[in-house]
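Open the model in your viewer and set it to cartoon display, with side chains ready to be switched on. The tour below goes through two helix pairs in turn.

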Amino acid sequence: MLSSVQRMVLDYTARVRMFRPNARLYLMNVILSGVAMGVFRLLFNFYALSLGFDEALLGRLITISSLTSLLVALPMGYLADILGRKNSLVLSGLLVSSSIIGMVFVPTEAAFYTLQIVLGIAQSLAMITMAPFLMENSGEQERTYLFSFGQGLQMLSVFVGNWLGGYLPTWIALRQGFTPTNSQAYAGSLLIVAGLYLLGLVPLMFLRRNRMVGEARSVFAPIRYAKDNPKLLGKLVIPMLITSLGAGLIMPFMNIFFRTVHQQPDPAIGTMFAWGSLAMGIGLLMAPPLAERFGKIQVVVVTQALSVPFLILLGFSPWFWLSALSYFVRLALMNMSNPVFQTFVMESVDEDARATVASLTSMAWNFGWVFSPLVSGFLQVNYGFGPAFLGTISMYILAIIMYWAFFWRGQPQEDTEIAVNTL
């Protein structure tokens, strides 16, 4: 007789085998771009600092990228329908790699600002395209698994990228004869990142279109849908907006936090980020069976609530080992609910509205990152990380209460997942 664990593994394997060819090709792209993303996120801040820029500039760069993503979200949703999912994903990858190459060869403040705009456009297009693409290339049985497996696989790839990023500058420096913290060592590492992004475009070339390019919605569709469904959209979007306000205060600066507060070197931070990505990947892979058993919203509320105590330990523990351990657990708990809620959102709206809603949720996420990094950069320079962590903790608690109040409170467990359609 099979144990519950064996039964869960067999069921999970069966759902993964149901992934369609387009989904499998997309996952190949996720692996390569995930490695590139892991290296870039670890090293770009160090690259900018090695050029003589400060944390305040880093905050402004993140703000510009996120502001761009916010402003272009609705146009990108429309463009994604015109170009089709395949062309949108390819274009996004090309823009990302081009912007990174530009930052290496033109390392000036003005160029950084300009290329962050390009990067913001690319990220917005990719984010808005991803959820409708996965919906169109999955069935009801494996859909939550595909969303979670895709993000889990990405985090496992980021694990490799974080580890690789921790050592790449050292390897390049030894080969070229300068110090690992030299800007040229970071620049060489970022060129490898651009190459990985370009390599990740190869599997996307083999995607098959599910619909004719040009079957786009009206340019006024986002406004019309928002007008017809304000209550539904508000409840789907506002908690994500509050979460983004909190995340933007801390998440872009975690590498700087561990360097300045706990005096850790680049390889140690890279290794820690790698294990953090691994923890997040494991959490994401665990999410689908939990959502299937307990309900999507229940998983969102409980996992995010459990992450808050570890966020407090992360920010205020005087010991590096406890802060690092809390970082791993907090990443796994807080982020495992993301694909579950994305699936919930996509299933809660009509097919024709998915790109519109993806645009609106993207706007909500980027809205917080527009302002919060700018505020955080100022706080770090003048007061350290303490106030920024307090802001993040407060915002997360508020968002968790909203998820509970909007979708769980007063709903029978069997009806929770469909309750949003009657809100």
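Select helices H2 and H3 in this predicted model: they cross in a right-handed sense. H3 spans residues 55-83, and its axis lies 10 Å from that of H2, at an angle of about 130 degrees. Angles over 145 degrees count as roughly antiparallel and those of 65 to 115 as roughly perpendicular, so H2 and H3 are classed as oblique to each other.

Next, show side chains where the two helices touch. On the H2 side, pick Phe44, Asn45, Ala48 and Leu49. On the H3 side, pick Glu55, Leu58 and Leu61. Coloured by class, this contact of H2 with H3 shows five nonpolar residues, one polar and one charged.

Now hide H3, keep H2 (residues 21-50) and add helix H5, residues 109-136. How far apart are the axes of H2 and H5? They are 14 Å apart, and the packing angle is about 150 degrees. The pair is therefore roughly antiparallel. Viewed as a crossing, H2 passes H5 in the left-handed sense.

For the side chains of this second contact, select these two groups:

- H2: Asn22, Tyr26, Phe40, Phe44, Tyr47 and Ala48
- H5: Phe112, Gln116, Leu119, Met130, Phe133 and Leu134

Colouring the contact of H2 with H5 by class gives 10 nonpolar residues, two polar and no charged.

To finish, bring H3 back and centre on Phe44 and Ala48 of H2. These residues take part in the contact with H3 and also in the contact with H5.

Technical notes:
Residues are numbered from 1 along each chain as its sequence is written. This is a predicted model: local features need pLDDT of at least 70, side-chain atom pairs count only at pLDDT 80 or more; totals for chains, interfaces and linings use all residues. Side-chain values use heavy atoms; hydrogens and water are left out. Axes are lines fitted to C-alpha atoms, for helices over the stretch in contact, and angles run from 0 to 180 degrees between N-to-C directions. Helices (H or I, at least four residues) and strands (E, at least two) are DSSP runs, numbered from the N terminus. Angles under 35 degrees count as roughly parallel, over 145 as roughly antiparallel, 65 to 115 as roughly perpendicular and the rest as oblique. A crossing is left-handed if the near helix is turned anticlockwise from the far one by less than a right angle, and right-handed if clockwise. Contact means heavy atoms within 4.5 Å. Ala, Val, Leu, Ile, Met, Phe, Trp, Tyr, Cys and Pro count as nonpolar, Asp, Glu, Lys and Arg as charged, and the others, Gly among them, as polar.
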